[in-house]
Each structure stands twice: as C-alpha cells, then as structure tokens.
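The exercises below are to be worked with the sequence and the 3D structure in view. Each begins with a task and is followed by a solution in steps.

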Amino acid sequence: MTGSTIAPTTPAIRFTTHSSLRRRLVLSTLTGAPLHISRIRATSLKPGLTSYEFSLLRLLDSLTNGTFIEISLTGTTLLYKPGLITGNNGRALVHIIPENCPRGVTYFLEVLVLLAPFSKSAFSVTLKGGVITSATTEDYSVDTFRTAVLPVYAGFEITHGIEVRTLVRSSGPLGAGEVHFLHGHQVRLPKTLHLQNSGRVKRIRGVSYSTGVSAGNNARMIEAARGVLNRFIADVYVFSDVSKAQIVPTDYGKEGAVEKAAGNMKGRAGGKTKKTGVGFGISLVAETSLGTTYAADAFAGPAEAAEDVGKRAAVMLLEEIRVGGVVGRHGLMSVLVMMMMGVEGDVGRVVLGKEAIGEEFIAGARDLKKVFGGEVAVRDGESDLLVVSVVGRGVGNIGRKVA
Amino acid sequence: MPEKKRKREIGSRNKSDVDKMDVFRRHFESQFAPLEGAQKIPSSKKHKALPGKTEEALSDQEWEGIPGVEDGGLVGDVPVVIEFDARKDLPRSVSKAPRSELKSFMSSKPPLPTSSTTPIPPKSEKCSDDEEDPRSEAEMLKNDLALQRLLRESHLLDSTSGKATGKNRLRALESRIQALGGKDITIQKNMPMAIRKGITAAREKRELKRRKNAKEAGIVLEKDTTRKKTSKKRQDRGGFRPSIGRFKGGALVLSKRDVMDIEGRSGLGSGGGRKGSKKHGKIKG
C-alpha cells in the first residue's frame, strides 16, 4: 500500500473543504495525481468526512491497486494517493453503503462509470446497505442514470457490457435497496467528441416508481406528466414500476445501531422490524433525433400529491430542454472529464446552452485545470449557444497498453 | 342604447327580458321586413347552443374580432370563453407502449439510441395499419400470393366459363399438390403400350400445333421444357471417347477446365457468362 510506484516525486495537489470532494477524488484516481484535502468541515458541528464519503473512499480502495489513504484523527484532513484502477474482473465485489447514507446510489454510480472505462479489467460491483435508488434532493434516480447518463458515454464509443441492475428499489431517507453495476467496456483512450447539433426532441420516455405505496400514485404521476408533455410531443411513454417496501430492524439507520448489534444482525433491535424506503417519484428522459438526452427527476416530498410530482417533473424536463445543448446538465461533468481524458492534442467540442454553465461547471473546470493542467475554452456560438472546447490530455488508460 | 342593453343583459332578469323582446321581434318580422338593428340581440335559441358560462359575459358591439360568424348566428356577439386544461389534451385511451419498447427501456442495459430507433418504425407501421392504410407489408404479401395462385389456376375457370365447380376445385387442389412436389394421381397407371404411345403422340401433336399457331399469330409462348436437351458437345463426338478430357498419344490429357470440374471449382473468381464462353472457345481451339 504505497504510492511510490505511481508517482514518487509528484507533490500532492492541495484542496480545501469538502466541496466537490467526489469529483476531485475521481480526477485524482484517473490521472494518478495525489490529493491533499484539508479543512474538511472544519467549522461544522460534525467535523470531518461523512459516512458516505468514507464509504466512497473504501469503494475506490477496493477497485484500485496500491491506493494510499491517510485521514487525520478528526477526519478534517485527507491524503489520497491513487493506485491503478484494476477493477474486479470475475470476482464479484459487494460494497456496503452505510445505512444512514442520505445520498442516492447515483453518488457512487457516477464515480464507478467514470472510472470503469479506464480500468484494467471489467467492473462488477453490487451496492448494498443504505442504497437509495430513487431521486434525492442532491442526486438523481438510478433510472435517470441508466437511461440518460449512460447514453452520454455512447458518444465516446463506450457502449458494450454496461448494465445497471436495480435489484431492490428503495427510497429515501433511509434506503435499503440493492443495485448491481456491470461495466465491461474498457478503452485505451476515449473517442474525441464533436457535437454541434442537439437535434429536436423526438420522444420522451420515463419511469415512475413507487415503493411501499399504492401503484395508483404511479398512474397519477404519469397522467399529470403526460398532461403537460403531450401538448408538445405525442410520443410520450412513462413506464410504471411498483415494488414493496423493505423490512428492516427498528433501529435501522440509527448511529451506532449496527455496532450495538455486534455482528448479530438477525435479532437486531430485539427482532422488531419496520418498513423503510417508502415513497414514489418519477424520472423523465427526452431524447432528440441526434441522440442527446435531457432528463428530469422528481421525488415526492412529505404529503405531496402524486399529480404535483408528475407535473413538477414534466416542467423540469421542459426547462432542461429549454436550456438545450448537446449534453443535458446531468451528464455535463462526465463529458468534460471524458474529453480531457481523450487523445492528446485533439480538440473536442460540444455546444451547450448558456444556462448550463453555472457555478458547478466553473468549479469543475477549475478542478480539471488543477488536476489535468488543461483548460476548458468557452466561446459564443450560433443562436445564443456556447461552444465549449477541450483539448485532450491523452491520459487514457494506464492499465491498458493496447486498446 | 348599447350601454343600456348591456346593463340589462348582465342583470339577473336578462333572460326573460330578452325572451320578450324576441317575441315582439318575431311578430314584427312576420309582418314587415326583418329588423337590422334587432338582429344583434341574442335570442334564447342562440344561447342554447352555448355553454352556460358565456351567457354572463355578454357584450355585443365592442368586439368584432371574429368575422363571419354573424351569418352563422351562433357566437355573433358573445366573447368566446376558452377554458384551458392541459389534461384535456390527453388522448382518452392512452395507448400502451409496445412490449419491445418496454423491454428495451426497462432492461438493465442503457437504452442505446441505435437500438431505440429500430422499434419505432414497426410501431408507426402498426398504427397506420390500424387506422388508415390497410395495405401493410403482410397483407400485401398475402394479396400477392392470392393473385399468383389465381393466375396459375385461371385456365380451370376458363374451361368452365367462370364457374367454380367441385371438379375444378379438386383440379386446383391437385395442381397445388403437384406444385409442391406431389405426384399426379389423375394419371392412369396401367394402359396398353400402343394406347399410351398414341396419347403421348397426340399430346405432342397438339402442343406442336399450338406453338405453330402461336408463332403465326405472333404470340410469345413459354419455353418448351418438355423436350429433353441433349448436349451438342456430346452429340458431335464420334467413336469412343473418355467422359472427361481427350485421349492423345496414349495419354489422357486434361485441360484446366476439366481439372476444375473434377475439383468442383467453377472458374477463376466469379466469372460471368461471357467469361465462361470465352474459356469454352479456348479449349475448343
């Protein structure tokens, strides 16, 4: 467990605070540049890394070889020296997410899908524990990930052997779902992307899911969403997915409950159980004639009517379509990172809507500059759109000499 | 005057007032020419065709936005209230997504744009099939087959002046069986040789006559397939010859072509007819 073989003399890139920690970890793992992050929630009442950030570090460690992680006693400082992304070919990896994880499972899936193309061997990861497959306030649902984010990678010709199996659906705040992620398409370098036209929206698909509540909610959400969208396009289908709530011990998700049970998971909380992961939501994806996807997610808040959820999702989708661009906002960061990873010297271009470039984009571009050393150029394009061009750095897959 | 009228109409008793006015107007019109000014007064009859809500918002002369409705007499002077509800735009019967679509979209794999575009054409085709165009691919094929069959069996109908008798039906059935490779059961098996020869000769004679007549009349007939083709090559040869190659100087000489025939190869590359004939000539010469 030493980083000496990777980059013995490279000084660590220094960052502060927990903001976009996940992205920084991914960029570091892809390039092999060590990270030093300090002042992680230093002034918070709960200082240091959160449970899901620890979990992410653990996941990264299990998928790489030679990763060195050092965390200070308080958890406010992190030194991360990435190893080679080896994947886990053939050997199924089960990763347990902490029960009280407030983030959706896409928090982890986004990392996996960015790392997997540059792995030495295929990825096969089963995520268990506190898995929330539905949308949360910060993350989109696993359906959006599968139907809208994965097609983004098709632009880089990363298409084969990718699967996201939603084995058990679960909603927040305390999830208990299960997702199996498979990625068998490893490349040497991703293709350079040139996307100028987004095309016109030709169809809208979606998934409405409800766990532990009446399936009628699905029908109501779908009808409300269709009511908004059918005026613009006739080809709207929203599929319905109904599943049961998960039965878990009463103390599920409580801090220290698992430790208290001391390995005896069967009779936890005195054998008393409760239902968890109850809720419903909808994921909508608009696909254009040229393969661009725009997505929107809505999850029911407390005592929110199903109609409102469906309508909210539909309006959000229309908003996304209005923003435009050849990449929806959900897949923007992935596209930028993949373009940076591309063939050295090749300039990739994508056209984005003006509103797609916000705080998140700028922060991402800054991180890219710090880690990769490359810049993201933005200039005015036709019809009120922006052309974003990225020069590939040719990092590619270290584990694969030949494509 | 218009001000007064509007006030009256907006009032709660407007309906009865208007009715009275209408009665007077009709009485007047029955004796004299129709009233021009009074035409604009909305009658109760006109109102029946409108939803109840519009009655309350009456204003006759200000707005002349919709032209040409006066002669229709329906909405001549009433503002049209359009109640917009997005959900009403929904088609009543929400057609279900095709099963293939469901499978491709709800599978664990990401729906690829290439794979997703393929299921769309059959769907649209199906839609058109249901609604307007009855000639789908399958149906066209079916019609085509029926037409072919009819053409093939048209001679049966012809002989009986267009009557579909039971005998003809059996004949048609028989011809279909034969087309599929069955044996002709109508043929007589046991027969004196002389009679059989006579029959065959007569058939040939008939056929020859038909061909001759057709040729004279300038009708193009089908190719004669009954007569066996005897290869010229074989006929020309005299004396004893090997079945392959030439016997020369006490040795069997095989040309390139013969070797290829033995090996089962057919010339160099994919030679056309011209190429073959050339080669043929070469060997001969």
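**Exercise 1. An edge of a sheet in chain A**

Starting from A:Val285, establish which residue of β17(A) stands opposite it, and then place the two strands concerned within their sheet.

Solution. The residue of β17(A) that stands opposite A:Val285 is A:Ala295; the model in which this is read is a predicted one. The next step is to widen the view from this pair to the strands: β16(A), residues 279-288, pairs with β17(A) in the antiparallel sense over seven bridges. Both strands belong to an open sheet of four strands, ordered β13-β12-β16-β17 in chain A, in which the pairing is mixed. Its edge strands are β13 (236-243) and β17 (293-299) of chain A, each of which pairs on one side only. From one strand to the next the twist averages 15 degrees. Finally, helix α7 of chain A, residues 306-323, packs on the sheet and touches β12 (201-211), β16 and β17 of chain A, while its direction makes about 155 degrees with that of β17(A).

**Exercise 2. A second open sheet in chain A**

Determine the strand order of the sheet that contains β7(A) and β9(A), and explain why one side of each of these two strands is left without a neighbour.

Solution. The four strands form an open sheet in the order β7-β8-β10-β9 of chain A, with mixed pairing. Because β7 (93-97) and β9 (162-168) of chain A stand at the edges and have a single partner strand each, one side of each is left without a neighbour in the sheet. On average, and with direction ignored, neighbouring strands here are turned by 20 degrees against each other.

The pairings can now be followed across the sheet:

- β7(A) pairs with β8(A), residues 123-131, in the parallel sense over five bridges, and the bridge partner of A:Ile97 in β8(A) is A:Gly129.
- β8(A) pairs with β10(A) in the antiparallel sense over six bridges, and A:Thr126 has A:His180 of β10(A) as its bridge partner.
- β9(A) and β10(A) run antiparallel and are joined by six bridges, with A:Phe181 in β10(A) as the bridge partner of A:Val164.

As a last step, consider the burial of β10(A), which is mostly covered, five of its seven residues being buried.

**Exercise 3. Two helices compared with their expected spans**

For helix α9(A) and helix α11(B), check the end-to-end distance against the expected span, and then describe how each helix is buried or left in the open.

Solution. Helix α9 of chain A comprises 14 residues (359-372), which at 1.5 Å a residue should span 20 Å, and since its end C-alpha atoms are 20 Å apart, the two values agree. Its buried residues are A:Ala365, A:Asp367, A:Leu368, A:Val371 and A:Phe372. Seen down the axis of α9(A), these residues fall within an arc of 160 degrees, so they line one face of the helix. They pack against β1 (13-16), α1 (21-31), α8 (332-341) and β19 (376-380) of chain A, whereas the face turned away from the buried side of α9(A) carries the exposed residues A:Glu359 and A:Ile362. After α9(A) comes A:Gly373, whose phi is positive, near 85 degrees.

Helix α11 of chain B has 25 residues (193-217), for which the expected span at 1.5 Å a residue is 36 Å, and its end C-alpha atoms are 36 Å apart, in agreement. The number of buried residues among the 25 of α11(B) is zero, so the helix lies largely in the open. α11(B) is followed by B:Gly218, whose phi is also positive, near 75 degrees.

**Exercise 4. A single residue and a chain contact**

Decide whether A:Ile85 counts as buried or exposed, and then characterise the side of chain B that touches chain A.

Solution. A:Ile85 lies in strand β6 of chain A, residues 84-85. Because a residue with 20 or more C-beta neighbours within 10 Å is buried, A:Ile85, with 25 inside that distance, counts as buried. A:Gly66 is 19 residues from A:Ile85 in sequence and 9.1 Å from it in space, C-alpha to C-alpha.

For the chain contact, 15 residues of chain B are in contact with 21 residues of chain A. Helix α5 of chain B, residues 99-106, gives the most to chain B's side, with four residues. By type, the residues of that side divide into 10 nonpolar, one polar and four charged.

Terms used:
Residues are numbered from 1 along each chain as its sequence is written. Chains are lettered from A and ligands numbered from 1 in the order in which they are written. This is a predicted model: local features need pLDDT of at least 70, side-chain atom pairs count only at pLDDT 80 or more; totals for chains, interfaces and linings use all residues. The expected span of a helix is 1.5 Å times one less than its number of residues. A residue is buried if 20 or more other C-beta atoms lie within 10 Å of its own, exposed if 12 or fewer, and partly exposed in between; C-beta atoms are placed from the backbone. The arc is that of the directions from the helix axis to the C-beta atoms. Two residues are in contact if their C-beta atoms, placed from the backbone, lie within 7 Å. Ala, Val, Leu, Ile, Met, Phe, Trp, Tyr, Cys and Pro count as nonpolar, Asp, Glu, Lys and Arg as charged, and the others, Gly among them, as polar. Two strands pair if DSSP finds at least two bridges between them. Axes are lines fitted to C-alpha atoms, for helices over the stretch in contact, and angles run from 0 to 180 degrees between N-to-C directions.
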